[in-house]
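Let's take a walk through this one, beginning with a single side chain and working outwards from there.

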Amino acid sequence: MKMVEIRKKSLLALQSRVDNLRLEIGLAKKALVLGESQDTAKVGKLRQELAQTLTVIKELNNQEKES
């Protein structure tokens, strides 16, 4: 498998994770608003993971542009 194919599959997997994290954040925020949850730390953790995942995607995109 070529490096380009590996990067593309990695980017697709990471993008899927980003979509899932955004959905999880939305659901966690709704639960907080509706009073179904008191776990504000969960939203913070999800946002942190989202930021880290987006950083990895950005770095992979930069590497792809350089090659």
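Start at Glu49, which is partly exposed, with a relative accessible area of 31%. Keep in mind that this is a predicted model. Who does Glu49 pair up with? Its salt-bridge partner is Arg17, and the closest N and O atoms sit 2.8 Å apart. Glu49 belongs to helix 2 and Arg17 to helix 1, so this pair ties together parts that are 32 residues apart in sequence.

Now hop over to Arg17. Its relative accessible area is 27%, so Arg17 counts as partly exposed too. Arg17 also has a salt bridge with Glu24, at 3.3 Å from N to O. And Glu24? At 30% relative accessibility, Glu24 is partly exposed. Put the pieces together and you get one network: Arg17, Glu24 and Glu49 are joined by salt bridges that share partners. If you go looking through the whole structure, the salt bridges come to 2.

With that network in view, step back to helix 2 itself. This helix runs over residues 40-66, which makes 27 residues. From first C-alpha to last, helix 2 reaches 40 Å, close to the 39 Å expected at 1.5 Å a residue.

Which residues of helix 2 are buried? They are Val43, Leu46, Leu50, Thr53, Ile57 and Leu60, each with under 20% relative accessible area. And what do these buried residues pack against? Look across to helix 1, residues 3-33. So the two helices meet through the buried residues of helix 2, and the Glu49–Arg17 salt bridge links helix 2 with helix 1 as well.

Methods
Residues are numbered from 1 along each chain as its sequence is written. This is a predicted model: local features need pLDDT of at least 70, side-chain atom pairs count only at pLDDT 80 or more; totals for chains, interfaces and linings use all residues. Side-chain values use heavy atoms; hydrogens and water are left out. Helices (H or I, at least four residues) and strands (E, at least two) are DSSP runs, numbered from the N terminus. The expected span of a helix is 1.5 Å times one less than its number of residues. Buried means under 20% relative accessible area, exposed over 50%, partly exposed in between (1.4 Å probe, protein chains only). Contact means heavy atoms within 4.5 Å. A salt bridge is a side-chain nitrogen of Lys or Arg within 4 Å of a carboxyl oxygen of Asp or Glu.
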